[in-house]
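Dear colleague,

I am handing over the structure below, and after it you will find a description of what came out of going through the model. Please read the two side by side.

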Amino acid sequence: MEIGIVGAGAMGSGIAQVASTAGHKVFLFDTRKEALELSESKLKKVLARLVEKGRITDEKAADIASNILYVENLDTFSNCGLVIEAIIENLDVKKQVFKNLEGIVAGDCILASNTSSLSIASIAASVEKSERIVGIHFFNPAPLMPLVEIIPALQSSEEIVLKARAIIDSWKKVTVLAKDTPGFIVNRVARPFYGEAIRIMEEGVADVPTIDWAMKEIGGFRMGPFELTDFIGHDVNYVVTETVFKEFFYDPRYKPSFSQKRLVEAGRLGRKTGHGFYNYAEGAMNPEPKKDEVLGRQIVDRIVAMLINEAADALFLNIATAKDLDLAMTKGVNYPKGLLQWANDWGIENVYNTLRDLYDTYCEDRYRPSPKLKRMVATGEQFTF
Ligand SMILES: NC(=O)c1ccc[n+]([C@@H]2O[C@H](COP(=O)([O-])OP(=O)(O)OC[C@H]3O[C@@H](n4cnc5c(N)ncnc54)[C@H](O)[C@@H]3O)[C@@H](O)[C@H]2O)c1
């Protein structure tokens, strides 16, 4: 099957590499010639490194490279069985692209969007045959991150969704099914990892390095919340937080923070600008963590309880199955354990009591425990997968 990718930026280029590695002929289109040239030269370097490390043969690298055609005309997509759009995050521009595509591809071609924050239903509304549209959400970098969220639009046909999922499964990705709601699974459930960490810091309970230390050493996460947001870039991370907050009709649980907003306003975007929560300038002194086990445990319990609450509430609202919710967090953002499994291991009652204490202390809606947890405590139930 021929695959079309619209947008040769970070995501489109990565997805093209994945599809080509799986043996497809790939047409990669961008309105900017420079983007295509950059994508091609970056892929060459990536493939050379993979050969160097012995991950692929010279022959395979040559196949992957030659299977991708960098095109400046969308008409080349006429025989594609699947087209994935990965252009800028702008609804009007995306809608126009899908309208154009519909005039080019065959009737049975699946049209997918890699959007992180727009509703798939709104994108599907731009075409005549809206049942052929589906969300296929890869994670960055697409060749390395195993998770792909499959998001049916209100209008999608079941057959198209099954077909799309089977194609992505055949690319050796781990697919999960998510409802068309803000942030899908990962970008919704992960919010407290950043938000609650910042809140703890703002309250003065602990400083940035101490919270990062606790989350890594005691929580078992690969990176601390502040290191991670410095790495992602505060412009990117803040926009996701703000979008999820707005899209949830301003649910206080997702409220962005002033600390991160000020970093963005000050141009302290993280590693890429040399300064974020940490200072990356040569010779800069960052404070050492206070390695207090009791404090560290309190920090981890508070953030993990908030994460579990998000996952439990997503299950309560049928956003995804328990199995997919746990897969999404381990395969999409490398959490050490699925959050619902974590709840079982910690004890549902302990999770609920931690949240209830926070709720009673702060009297803020942000800390309301999910009814799912409350009911589970009453019945003694555990999460099942
Ligand atoms: N970067 C991430 O971490 C990430 C992760 C998952 C999903 N996404 C989503 O993937 C999409 C792309 O993100 P990205 O980070 O690759 O962006 P990017 O800025 O790196 O690349 C976007 C590319 O689209 C091209 N483009 C813009 N308008 C176009 C048009 N009308 N037709 C064809 N090409 C056009 C641009 O020239 C650019 O090369 C967005 O919807 C984003 O929300 C991003």
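Ser 113 has Gly 135 as its bridge partner in strand 6, and this pair is a convenient place to enter the model, which is a predicted one. Ser 113 itself lies in strand 5, residues 110-113, and strand 5 pairs with strand 6 in the parallel sense over three bridges. With 26 other C-beta atoms within 10 Å, Ser 113 counts as buried, because 20 or more such atoms are enough for that class. If neighbours within four places in sequence are left aside, the contacts of Ser 113 are Glu 85, Lys 94, Ile 120, Ile 123 and Gly 135. Leu 28, by way of a distance for orientation, is 85 residues from Ser 113 in sequence and 14 Å from it in space, taken from C-alpha to C-alpha.

Strand 6 deserves a paragraph of its own. Six of its six residues are buried, so the strand is largely enclosed by the rest of the structure. Ile 133, Gly 135 and His 137 point one way from strand 6, while Val 134, Ile 136 and Phe 138 point the other way, and all of them are buried. On the pairing with strand 7, the two strands run antiparallel and are joined by five bridges, and in that pairing Ile 136 stands opposite Ile 150 of strand 7.

These strands belong to an open sheet of eight strands, whose order is 3-2-1-4-5-6-7-8 and whose pairing is mixed. Strand 3 (68-71) and strand 8 (174-177) are at the edges, and each has a single partner strand, so one side of each is left without a neighbour in the sheet. From one strand to the next the twist averages 25°. Elsewhere in the sheet, strand 1 (residues 2-6) and strand 4 (residues 80-85) run parallel and are joined by five bridges, with Val 83 of strand 4 as the bridge partner of Gly 4.

The loop that follows strand 6 holds a feature you may wish to look at on screen. Pro 141 is placed in the loop between strand 6 (133-138) and strand 7 (147-152), and the peptide bond that joins Asn 140 to Pro 141 is cis, with omega at about -5°. Most peptide bonds are trans, and most residues other than glycine have a negative phi. Two residues in the model depart from the latter pattern, as follows.

- Tyr 250, in the loop between helix 11 (234-247) and helix 12 (258-265), has a positive phi, near 60°; this residue is exposed, with 9 other C-beta atoms within 10 Å.
- Asn 318, in the loop between helix 13 (293-316) and helix 14 (322-332), has a positive phi of about 55°; this residue is likewise exposed, with 9 other C-beta atoms within 10 Å.

Asn 140 also appears in the surroundings of the ligand. Of the 24 residues around the ligand, those that come nearest are Gly 7, Gly 9, Met 11, Ala 35 and Asn 140. Helix 1 (10-21) and helix 4 (91-102) each supply at least two residues of this shell, and helix 1 gives the most, with three residues. Sorted by class, the shell has 13 nonpolar, eight polar and three charged residues.

Finally, there is helix 8, residues 191-203, which has 13 residues and reaches 18 Å from its first C-alpha to its last, close to the 18 Å expected at 1.5 Å a residue. Helix 8 is mostly covered, in that eleven of its 13 residues are buried, among them Arg 191, Phe 193, Tyr 194, Glu 196 and Arg 199. The buried residues of helix 8 pack against helix 7 (186-189), helix 9 (208-218), helix 10 (225-232), helix 11, helix 12 and helix 13. Just after the end of helix 8, Gly 204 takes a positive phi of about 80°.

With kind regards

How values were computed: Residues numbered from 1 in each chain as written. Predicted model: local features only at pLDDT ≥ 70, side-chain atom pairs only at ≥ 80, totals over all residues. Helix = DSSP H or I, 4+ residues; strand = E, 2+ residues; numbered from the N terminus. Buried ≥ 20, exposed ≤ 12 C-beta atoms within 10 Å, placed from the backbone. Pairing = 2+ DSSP bridges. Axes fitted to C-alpha atoms, helices over the stretch in contact; angles between N-to-C directions. Expected span 1.5 Å × (residues − 1). Contact = placed C-beta atoms within 7 Å. Near = placed C-beta within 6 Å. Nonpolar A, V, L, I, M, F, W, Y, C, P; charged D, E, K, R; others polar.
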